[in-house]
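Thanks, everyone, for making the time this morning. I would like to take you through one structure, starting with the overall picture and then turning to a few individual residues.

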Amino acid sequence: MAQQLLMPKATAVWLVDNTALSFEQIAQFCKLHPLEVKAIADGESAQGIKGLDPISTGQLSRDEIARAEGNPNHKLKLSEPKVRVPDSKRKGPRYTPVSKRQDRPNAILWLVRNHPELKDAQISRLVGTTKSTIEQIRDRTHWNSTNLTAMDPVTLGLCTQIDLDLEVERASKGRPLPTAAELGATLEASKETEKLPFSYEREEEKEMDADAVFAKLKSLKSDRKDEDDDHY
């Protein structure tokens, strides 16, 4: 991994203010244009930027600055870092703990059933598996197909709900809208419904029995009278 200068413009500000280096030397070291370094020296650029001392950060030595000041053709070189930062690993399949690897086939089965729009590469990213395993589960040729149970990978802890939603959203972007047949539409065409005869059926009103109504009122009045007599 190539070394990079920290905060180039702030470093240029410090070098302009604290050294006798030429604009070309500072520009070459800070990966800036010489005119930009000149503008910094004239106060036309980098106003408000506090200078960063490259000596204190270990990116430049005093001897290197002195050597460049004595020779205008000398190009400043970054000092060797005292701590080596390991190179970042290339992105690959998601790592799955050993204790949860046995749950991956169940998670794959759940994804295949509930999200058929997902591609094999997306499923592989979610649960950290191989395309051959996904194909075997799709084709029911997996050695343990009879014992598999569809289980949510989020519940199993193989991926997060955010990751799953993101992959589903990506898979759905280029997918065409579902047709009426896929949605299970049951509406008939207007040409067919126009031919149907119009009919309006109203439920017959029940005839009221007047004698029964008056008998009920009389019973209520008699009960009310008995309650008044008991009260007195």
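Before I point to anything, a word on what I will be calling a helix: helices here are DSSP runs of type H or I with at least four residues, and they are numbered from the N terminus. With that in hand, please keep in mind throughout that what you see is a predicted model, and that Lys-9, to which I will come back, lies in helix 1, which spans residues 8–18.

Let me begin with the whole chain. The protein has twelve helices and zero strands, so that, by the DSSP assignment, reading along the sequence gives α-α-α-α-α-α-α-α-α-α-α-α. Of its 232 residues, 28% count as buried, and the protein exposes about 18,300 Å², with carbon and sulfur atoms supplying 52% of that area. If we take the contacts with a separation of 6 or more, 62% of them come from residues 24 or more positions apart.

Now to Lys-9 itself. Is this residue buried or exposed? The answer lies in between, because its relative accessible area is 29%, and Lys-9 is therefore partly exposed. Leaving aside neighbours within four places in sequence, Lys-9 is in contact with Leu-32, Glu-36, Ile-40, Ala-46 and Ile-49. Measuring is not what we have done here, but from the model's coordinates the C-alpha atoms of Lys-9 and Gly-51 are 8.1 Å apart in space, although these two residues are 42 residues apart in sequence.

Moving along the chain, we come to the loop between helix 1 and helix 2, where we find Thr-19 and also Ala-20, with helix 2 covering residues 23–30. How do they stand with respect to the surface? Thr-19 is buried, because its relative accessible area of 15% falls under the 20% cut-off, whereas Ala-20 is exposed, because its value of 61% is over 50%.

Which residues does Thr-19 touch, not counting those up to four places away in sequence? They are Trp-14, Ile-65 and Glu-69. In addition, a polar atom of the Thr-19 side chain lies 2.4 Å from the backbone oxygen of Leu-15.

As for Ala-20, its C-alpha lies 9.0 Å from that of Ala-66, while the two residues are 46 residues apart in sequence.

To close, I would leave you with the loop between helix 1 and helix 2, in which Thr-19 is buried and Ala-20 is exposed.

Conventions. Residues numbered from 1 in each chain as written. Predicted model: local features only at pLDDT ≥ 70, side-chain atom pairs only at ≥ 80, totals over all residues. Heavy atoms only, no water. Helix = DSSP H or I, 4+ residues; strand = E, 2+ residues; numbered from the N terminus. Buried < 20%, exposed > 50% of the residue type's maximum accessible area, 1.4 Å probe, protein only. Contact = heavy atoms within 4.5 Å. Areas by Shrake-Rupley, 256 points an atom, 1.4 Å probe, with all protein chains shown as cover. Polar contact = N/O pair within 3.5 Å; in protein donor to acceptor, adjacent residues only side chain to side chain.
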